[in-house]
Amino acid sequence: MKLKYPRKKKTYFRAIPPAWRWPVLLALVGLSFLGGMLFYRGGYASRISSALRRLPQLEVVVQSVDEVSKDLESEAQLYQTNGLANVFLDVPFDSMMQLESKREEALALGVLYASDEDFVPATLRYNDEQTLDVKLRLKGDWVDHLRADMWSFRVHVTEDDGAVLGMRRFSLQAPHTRSYVSEWAFIQNLLLEDILTTRYHFVNVIINGEYKGIYALEESFHADLLESQGRREGVIFRFDEDLLWYDWTQILNNDYGIGSFWLVDEPLNNPIKPFRGNHVASDPNLSAEFAAAQNLLYSYYRGELPADQVLDEALWGRYFALTDLWGGGHGTGWINTRFYYNPITGLLEPVAYDSLVFHPSYDRDFLAFPFRDTPLFNSPGVQKAYVENLERITRPEYIDMLKERFGEAVGRYYELLVEEYRDPALHGSEVAGPPLLLPWDTLAFRADKLNKNLNPLQPVRGNYRFTQVEGRDYLELDLVNLMPLSVEIEGLWIGDAFLPFARDWCFLEQCLNDAVELDADRILFEGNTRAGEYVPYLIPAEQVGLDPASEEPLTLQARLYGGARRYDVPIYPGSAPQEVQTGVKPTVSLEEALAAHEFLIPLGEDALTISPGDWNVRGDLVIPSGYALLIPPGTTLRFEQGALFLVNGRVRITGTESAPVLLTAQGESWGGMVVLNAAAESSWRYVTVEKMAGITSRPGWVLTGGVTFYESDVDIAYARIGDNTTGDALNVVRASLSLDYVEFRDTASDALDGDFVSGSITHSSFVDVGGDAVDVSGSQVTVSDVYIVGVVDKGVSAGEGSQVTVRNLTIRDVGFGVVSKDRSSVVVETTTIDAAKVAGLAAYIKKPQYGPATLDASEVEITNTPKPTLVQLESVLVWNGETVPPEDVDVDALYQQGGAP
């Protein structure tokens, strides 16, 4: 018999209690993974791979290892936690082939010649949010946007499918095409200073599962841009540069310079086109606004209209100052300049874009480069604002403020991009661009340099002599402007006597060509780019009291227009070399206003009043810019059909209970009242404004409000606004408001429309309203002790990120009682809602780029209403302590049911 010895069983884990065996096993696996990671990151894998490469028989093995290593590295990058959001793009094979073909064409030409026909379908997911249908194409003019693995894309989200960071149109591009982190910092500065620009973020981009790196996500030109920055929807447009880029493709690819004679590099030789052209063409108001904007810009470039009737000079001056500070001159070229037509002011605003800040090509040692000779900068109003702002922002404390506010984020992005671009080859050489750097030292250096340029030893130089013109003796001043900016000449010191500079001293054609009249007594000496050209000013000899034989220097007092510093410039005797030889919005001078309206009376230096009485107003009543207006008790103004009441300043109405003020029509209706850019708050007491039809008969300038306040704070009490056919009875935009004991009655659409406002509405009533009683967007408002009855649509409507408190309201016979929508937050307290046709309380999303809304209602009674509450999925509604279950809501059908347009 064969004896079998029992096999000894393995007892590796028998010494370990059963409860500890799995934890120990997991710990061993974890340690193995950690060791492998340290082995890989320590470079041992690459060293072994290099050693194996030297053995030919192992080359196949090494290649396989490399492929696995590359896949693992890509997978690791895909899930890296660098703190940035992830954008996942899934591009079908056919779409990717079309993009590849377009890229090869661009690389062959040296320029990407793109159009809307190049868009291909794809899908996009932002972090863990919903998957969006998009269309995309390659973007960028030069091929640095098409480098091996980091292509730039233009992305359009399907209009009703959602948004990414509140944007439905944007670009994805490698950070080196946009000045790395410096462009982000510049954009934050622009937003801080209320200059329209494209929002900008850094994200990780994964295409078809492959990590492509850190991209810059930059907003395109869409209504979302305007709304997010406190502007009403309007037209964004540009000079179309397609012909220029076609010209470039001809020049770059032949030796004959074909196309160089076409003059397509002049903006006026190119058409003006709106962004979202189909949308603009389908909307009558936007079409009219674009036509007006187009005519304004062409007329201004041709010298047919002054800048103050076309440009928002304060914003353009501020934009140019910030551009100079950051060395962002690339964005000021006409092919990169974008315009926004503000439908309220009737003026054009800049939309900053593609600035390439700190680019070596735009880093110069003098002011206003490269835009100082462009029409958009070459106006006194713009240059005045430029100087005022440049003096402010080049102070060290301003740079310190920017660093304190944005330094932490800039530092974080900088570290990520340094790691991203650790290989020098990734920075590219196609176009020599700005360096990857922290901006603060460069910014401080530029600020100091520009500030010194604003403070020359003297801004002008000159000589004087005695001469005769047509038999009359004159003291001739021959002056040359040493600055690229306009200089205001204030006066002349002759010994101890000061002689204010007079407008009529400039009457020779040579002088008139280089001077700009400010008023009857002041002139500007325009910025000079023509060295050695002196301009003569002739002072009657009898006004001087100076001995013609005198050799004493005179002293000219001058300053940069808009600058704070005054200069005393010596003018020496001697001869200098000589060569003898309106917009859509109405404007008036003081003299024109007084001549047109007999009831206007000057009240101090910068104010007008109206003589008490009952007056028929002939045509528009326009108050000169910068003048305040006082309307005393007992005044009635009756306006002609379509006439406008326009004030560019503060309006005080001081009616009393026994002697109220009335603004009305001579017939059935009049246009309405507009208050623009008032420096101080307007105060109205005991006033009735009625029978407004809106500003609808002026192409390109259409205002929906019967009374409109734009960037003008207002306090109204004991007033009545109504009997109007306008879109809004009262429209307040970008201002604070206080309404107390105001009655809105018989208005065709919305009673109060507040866009980007703050303030309160108390003790007021809204009766027989064809739209919303109170409609606010992007606002912070309190509504209390208010009576609302007979409203077709919503009693109180809060949208676009508003924060609204509603307290002690009585709401009856409405479509909706209180609505919170589009990321708004509404609190309702101690309120009664009766007979709401659709819902008493509602929370939902109307604009997908904003997101869900919240509404918290306590001590709210809802009666005679078929559906007391309505809340859409993702939004939150709490009614008297109970969270209301959400439901799937068709918002479009909801609005038709409520009666809203």
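## Strand E14

Strand E14, which spans residues 347-352, is mostly covered, with six of its six residues buried. The model described here is predicted. In a regular strand, side chains alternate between the two faces of the sheet. In E14, Leu-347, Glu-349 and Val-351 point one way, while Leu-348, Pro-350 and Ala-352 point the other way. The residues of both sets are buried.

## Partners of E14

E14 pairs with strand E13 (residues 338-342) in the antiparallel sense, over five bridges. Within this part of the structure, Asn-342 has Leu-347 of E14 as its bridge partner. E13 and E14 form a hairpin with four residues between the strands. In that hairpin Gly-346 takes a positive phi near 70°.

Strand E8, made up of residues 196-197, also pairs with E14. Here the sense is parallel and the pairing runs over two bridges. The bridge partner of Thr-197 in E14 is Ala-352.

## The protein as a whole

The protein has 901 residues, of which 52% count as buried. Its secondary structure consists of 17 helices and 49 strands. About 40,600 Å² of the protein is exposed, and carbon and sulfur atoms supply 51% of that area.

## The largest cavity

The largest cavity has a volume of about 100 Å³. It is lined by 13 residues, and those closest to its centre are Ala-223, Gly-234, Ile-236, Phe-275 and Arg-276. Three elements give two or more residues to the lining: helix H6 (223-228), strand E11 (235-239) and helix H8 (277-282). By residue class, the lining divides into eight nonpolar, three polar and two charged residues.

## The second largest cavity

The second largest cavity has a volume of about 40 Å³. Its lining is made of Glu-391, Leu-454, Asn-455, Leu-560, Gly-563, Ala-564, Arg-565 and Tyr-567. Four of these lining residues are nonpolar, two are polar and two are charged.

## Aromatic pairs

A pair of aromatic rings is described by the distance of the centres and the angle of the planes. The structure holds 39 aromatic pairs. One of them joins Trp-151 and Phe-153, whose ring centres are 6.5 Å apart. The planes of these two rings stand at 45°, so the pair is tilted; a tilted pair is neither under 30 degrees, which would count as stacked, nor over 60, which would count as edge-to-face. Trp-151 and Phe-153 are both buried.

Another pair is formed by Trp-184 and Tyr-413. Their rings are 5.2 Å apart, centre to centre, with 75° between the planes, and the pair is edge-to-face. Trp-184 lies in helix H5 (residues 180-192) and Tyr-413 in helix H12 (residues 396-420), so the pair ties together parts that are 229 residues apart in sequence.

Are the two residues of this pair, Trp-184 and Tyr-413, buried or exposed? Trp-184 counts as buried because its relative accessibility is 8%, and the cut-off for buried is under 20%. Tyr-413, with a relative accessible area of 14%, is buried as well.

Key. Residues are numbered from 1 along each chain as its sequence is written. This is a predicted model: local features need pLDDT of at least 70, side-chain atom pairs count only at pLDDT 80 or more; totals for chains, interfaces and linings use all residues. Side-chain values use heavy atoms; hydrogens and water are left out. Buried means under 20% relative accessible area, exposed over 50%, partly exposed in between (1.4 Å probe, protein chains only). Two strands pair if DSSP finds at least two bridges between them. On a 1 Å grid over the protein atoms alone, a cavity is a set of points where a 1.4 Å probe fits but cannot get out, and a pocket is an open set with protein on both sides within 12 Å along at least five of seven lines; lining residues have an atom within 4 Å of a point. Grid points are joined across faces, edges and corners, and a volume is the space filled by probe spheres set on the points. Ala, Val, Leu, Ile, Met, Phe, Trp, Tyr, Cys and Pro count as nonpolar, Asp, Glu, Lys and Arg as charged, and the others, Gly among them, as polar. Accessible areas come from the Shrake-Rupley method with a 1.4 Å probe; for residues, only the protein chains shown count as cover. Rings of Phe, Tyr and Trp (its six-membered ring) pair if their centres lie within 6.5 Å; planes under 30 degrees apart count as stacked, over 60 as edge-to-face and the rest as tilted.
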